[in-house]
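Q: Could you take a close look at one part of this structure and explain it slowly, with each term defined as it comes up? I would like to follow how the pieces there meet.

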Amino acid sequence: MIVSNWKMNGTKSDIEHWVNKVSNKIDYKSHIKCIICPPSCYLDSTRQVISKIDSPIKLGSQEIDSTNSGALTGGINAQMLKDFSTEYVLIGHSEQRDHLNEDNITLRFKLDSAIQNGISAIFCIGEPAEVKLAGNTENFLSEQLEILTPDDLDFITIAYEPIWAIGTGLNADKKYIESIHQFIKTYLNKLNKEKNISVVYGGSVKLENCEDILSCNNVDGLLIGGASLDPDTFSKIYNIS
Ligand code: PEP
């Protein structure tokens with residue numbers, strides 16, 4: 001899968017333009033999903049343009065709340081996402097872990113909510129720079145992965161996004177990406193031998209480095225922020241994948 005994460009960027013018309021352009025430019029392959037995660041307020045207008053032009057692009061949300069209903073001002077739950085035909089949701093993105101103080105308990109509720117409502121979770125994990133420098137990445141990622149159960153594996157994709165690489169222009173090198181993706185796959189394999197879980201990479205992916213990253217062993221796709229906002233760049237990256 002190749003995922004475009006718009007974060008808090010763009011307008012309704014920017015996103016409509018993007019969907020139209022990308023739908024025309026990509027050489028869509030059914031085994032490589034093409035997903036856009038617009039800001040929540042544009043989920044419905046994005047859904048409408050996807051449906052109007054019968055685009056192969058799938059809709060993903062950047063957000064889901066951990067409870068299903070009740071007094072949560074600003075909340076958005078799984079049922080609301082389903083009303084917008086949302087098929088994917090980002091859970092555990094480092095920006096949300098950080099800004100919303102999300103811990104494993106909250107993230108577990110979010111995973112339950114998505115999975116029980118038939119929405120596939122893109123579960124994001126990644127270490128900060130000091131953890132990498134201390135050589136402690138695998139322990140750190142294990143603590144993030146430990147909330148997963150064998151039954152989850154039918155409904156999730158893992159996005160490995162080293163925090164020090166997100167939005168910084170510093171992508172991880174090939175050797176490092178390969179060793180961490182191998183570690184994640186081995187970890188998940190111990191949880192459920194039957195499943196081959198996709199692990200995508202994110203963190204300063206651009207047109208210039210995408211081919212190198214996609215050629216890494218055990219990299220099954222990309223989660224792209226900044227570079228994905230330009231429809232030409234995103235389409236070229238998709239077509240290289
Ligand atoms: C992201 O949005 O998850 C991301 C990896 O951003 P960027 O590509 O801008 O580093």
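**Cys210 and the helix pair around it**

A: The sulfur of Cys210 lies 11 Å from the closest cysteine sulfur, which belongs to Cys216, and this is too far for a bond, since a disulfide is a pair of cysteine sulfur atoms within 2.5 Å. This is a predicted model, in which local features need pLDDT of at least 70 and side-chain atom pairs count only at pLDDT 80 or more, while totals for chains, interfaces and linings use all residues. Residues are numbered from 1 along each chain as its sequence is written, and side-chain values use heavy atoms, with hydrogens and water left out.

Cys210 has a relative accessibility of 0% and counts as buried, where buried means under 20% relative accessible area, exposed means over 50%, and partly exposed is in between, for a 1.4 Å probe and protein chains only. A search of the whole structure finds zero disulfides. Cys34, too, is in no disulfide, and the nearest cysteine sulfur, that of Cys37, is 11 Å away. Cys34 is buried as well, with a relative accessible area of 0%.

Cys210 is one of the α9 residues that meet α10: Leu207, Cys210, Glu211 and Leu214 in α9 are in contact with Thr233, Lys236, Ile237 and Ile240 in α10, contact being heavy atoms within 4.5 Å. The residues of this contact divide into five nonpolar, one polar and two charged; here Ala, Val, Leu, Ile, Met, Phe, Trp, Tyr, Cys and Pro count as nonpolar, Asp, Glu, Lys and Arg as charged, and the others, Gly among them, as polar.

Helix α9 covers residues 207–214 and helix α10 covers residues 231–240, and their axes come within 10 Å and cross at roughly 20°. Helices (H or I, at least four residues) and strands (E, at least two) are DSSP runs, numbered from the N terminus, while axes are lines fitted to C-alpha atoms, for helices over the stretch in contact, with angles running from 0 to 180 degrees between N-to-C directions. The two helices α9 and α10 are therefore roughly parallel to each other, because angles under 35 degrees count as roughly parallel, over 145 as roughly antiparallel, 65 to 115 as roughly perpendicular and the rest as oblique. The crossing of α9 and α10 is right-handed, meaning that the near helix is turned clockwise from the far one by less than a right angle, whereas an anticlockwise turn would make a crossing left-handed.
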